[in-house]
2 protein chains.
Amino acid sequence: MSEVLVGGIEAGGTKFVCAVGRTDGTIEERMVIPTLHPEETIPKVFEFFKKHEISALGIGSFGPVDINKDSPTYGSITTTPKPGWGNYPFVAVMKEALDVPVGFQTDVNGAALGEMAFGAAKGLDSCLYLTVGTGIGGGAVMSGEIVQGLSHPEMGHILVKRHPEDAYQGACPYHRDCLEGMASGPAIEKRWGKKGAELSGEKEVWELEAYYLAQALVNYILILSPKKIILGGGVMKQPQLFPLVRKNVQTLLNNYVNVSEVAENIENYIVSPGLGDNAGIVGALVLAGKA
Amino acid sequence: MSEVLVGGIEAGGTKFVCAVGRTDGTIEERMVIPTLHPEETIPKVFEFFKKHEISALGIGSFGPVDINKDSPTYGSITTTPKPGWGNYPFVAVMKEALDVPVGFQTDVNGAALGEMAFGAAKGLDSCLYLTVGTGIGGGAVMSGEIVQGLSHPEMGHILVKRHPEDAYQGACPYHRDCLEGMASGPAIEKRWGKKGAELSGEKEVWELEAYYLAQALVNYILILSPKKIILGGGVMKQPQLFPLVRKNVQTLLNNYVNVSEVAENIENYIVSPGLGDNAGIVGALVLAGKA
Ligand SMILES: Nc1ncnc2c1ncn2[C@@H]1O[C@H](COP(=O)(O)OP(=O)(O)O)[C@@H](O)[C@H]1O
Ligand SMILES: Nc1ncnc2c1ncn2[C@@H]1O[C@H](COP(=O)(O)OP(=O)(O)O)[C@@H](O)[C@H]1O
Ligand SMILES: [Zn+2]
Ligand SMILES: [Zn+2]
């Protein structure tokens, strides 16, 4: 086990997970704090990392973020409505305080890296990680490289067909009835008047949820063809969702994607995170190793 | 100019374009023949290439094809209904006859490579090439690598929302009203009763076409974030389609993708092929250079 320690931050909209560990994914110490105004949160982050000697830091952050290394605002969170975090120069602040190289990615790209290195996609050269929680976000690694171009993907906002009997207008402030607008945790809560966790027994809730998620997965498969699809986030804590999503994906594809992973072994293709709730923080340690 | 000659084949469902040229994209000699049964077409291909000394061959082929190098059927066309071409071992046949290394990709991945090297995406490290013709197919290069995983993408078959006033049921034998089902050349012809080329003046035809194409482009942007989108194929010969598609993309994104390429300079983002109808054959020469 390597004795060189690195730091990782999984910076979520609700909470920050900070860890000191190794690039082999092992964690030495961990801290979880709520995401408040940066003036409150960031000093606690400094304090945590200053207790250890780390050689690099990896950050998987809520977004949107600027991950274009040629941009003057590289390493910042950009247009978030969260007080204090708009245009926040995250990488610059951490570099200045800790004086180590910093790797920076979206939270979901970080989780995809973690799952590739030590989780459900271990040994593969591609995977897609989708979180279905307060928002919906996806990150993909293809041929070993994080998929990014003009910017990072925003795959939670793709278009979906409305279910003909679904009268809910949608929760996305930008697009109303995009995937996130129809299938995020808050969309479930607004449509049915109860939180997802209280709706476990309601069959029609999860059939409708699977109807939307499967459409998205079909499009991801047809556009990227990743070797594994990993579904995480609070909403996916409903285990009955997995078989419903898989069945809908096969129905929609109608045998068009004629590979055994999709046609025959779909239980091993669309899966939960191998690292459970640790995908993001382990991914941040992996990012530190690449910084 | 390099004196080493390479060969390229753009193997389409309608015609084969064969060329001898150089990996800098220059073409020395070219031959176009219809795609008949392989017993008729392939001997003509041999004859053409045997006239020149080539050091490598690149093939961009109609599909679906097996591009998985670990597969026993690597280099073959798989499940096409075209007589004689199902399970056709294209690479093996060409290697045996010409005894040179052979690069093999889908036609659209080849075109994307050609446009990256010498066309509209020159100097960039990512682009997406979409052909809208008899079928709809897309290929993407991200961070310099062709996007492929389980298999090659099949982005022409993604789901789209039907226009509420569009009664046409859709032409895709697998999915009926997927993108290809609603927006390919044959879909236009079946919906309106005339070929696309004869409908130039019919505003509503192209508004509906742009409605579907823009949905697909929005999903490609949100999932891949390519640095350039190149639209080719017979249907895109209607120049009025470009501004309609661009406008619909911006409307659907509703400023969510806040990068100047999409928000401000979309005329330079969604474009025609820089190589015109040569994208595919030039891409095949590029593939030969990588073989
Ligand atoms: N067991 C559960 N079943 C269904 N939905 C849940 C469950 N747990 C949390 N959620 C929903 O998931 C969302 C929170 O997602 P989560 O991934 O935990 O956090 P975040 O997305 O904020 O990082 C909330 O909308 C919540 O209602
Ligand atoms: N000028 C045009 N305007 C509209 N549609 C066209 C035009 N030219 C060809 N098409 C349509 O495009 C399809 C052929 O696409 P093309 O890209 O030329 O070939 P293929 O896809 O077979 O390689 C046909 O359905 C045809 O009707
Ligand atoms: Zn949205
Ligand atoms: Zn289809």
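These notebook entries record what I looked up in a predicted model.

**Conventions.** I number residues from 1 along each chain as its sequence is written, with chains lettered from A and ligands numbered from 1 in the order in which they are written. Because the model is predicted, local features need pLDDT of at least 70 and side-chain atom pairs count only at pLDDT 80 or more, while totals for chains, interfaces and linings use all residues; side-chain values use heavy atoms, without hydrogens and water.

**Entry 1: zinc site.** I looked up the donors of the zinc ion (ligand 3), taking N, O and S atoms within 2.8 Å of the metal (3.2 Å for Na, K and Ca). They are His157(A) through ND1, Cys172(A) through SG, His175(A) through ND1 and Cys178(A) through SG, at 2.0 to 2.4 Å. Their spacing in sequence reads H-x14-C-x2-H-x2-C. The angles among the four donor atoms run from 104 to 119 degrees, and the site is tetrahedral (four donors with all angles between 85 and 135 degrees). For reference, the ideal angle for four tetrahedral donors is 109.5 degrees. I then checked burial, where buried means under 20% relative accessible area, exposed over 50%, and partly exposed in between (1.4 Å probe, protein chains only). His175(A) is buried at 14%, and Cys178(A) is buried at 1%.

**Entry 2: strand E7 of chain B.** I took strands as DSSP runs of at least two residues and helices (H or I) as runs of at least four, numbered from the N terminus. Strand E7(B) covers residues 136-142, and seven of its seven residues are buried, so the strand is largely enclosed by the rest of the structure. One side carries Ile136(B), Gly138(B), Ala140(B) and Met142(B), the other Gly137(B), Gly139(B) and Val141(B).

I next followed its partners, with strands counted as paired if DSSP finds at least two bridges between them. E6(B), residues 127-132, runs antiparallel to E7(B) over six bridges, and a hairpin of three residues connects the two. Within this pair, Leu130(B) is the bridge partner of Gly138(B), and Cys127(B) stands opposite Val141(B). E8(B) pairs with E7(B) over two bridges, also antiparallel, and Val141(B) has Ile146(B) as its partner there. The hairpin between E7(B) and E8(B) has two residues between the strands, and Ser143(B) takes a positive phi near 50 degrees in it.

The wider sheet of chain B is open and mixed, with five strands in the order E8-E7-E6-E9-E10. E8 and E10 (270-271) stand at its edges with a single partner strand each, so one side of each lacks a neighbour in the sheet.

**Entry 3: cavities.** On a 1 Å grid over the protein atoms alone, I took a cavity as a set of points where a 1.4 Å probe fits but cannot get out, with lining residues having an atom within 4 Å of a point. Two cavities of 30 Å³ or more were found.

The largest holds about 60 Å³. Met142, Ser143, Glu145, Ile146 and Val147 of both chain A and chain B line this cavity. Strand E8 (145-146) of chain A and strand E8 (145-146) of chain B each give two or more residues to the lining.

The second largest holds about 40 Å³. Its lining includes Leu159(A), Val160(A), Lys161(A), Leu159(B), Val160(B) and Lys161(B). Helix H6 (residues 203-224) of chain A gives the most to this lining, with three residues.

Key. Tetrahedral: all angles 85-135°; square planar, octahedral: opposite > 155°, others 65-115°. 1 Å grid on protein atoms, 1.4 Å probe; cavity = no way out; pocket = protein on both sides within 12 Å on 5 of 7 lines; lining within 4 Å. Points joined across faces, edges and corners; volume = space filled by probe spheres on them.
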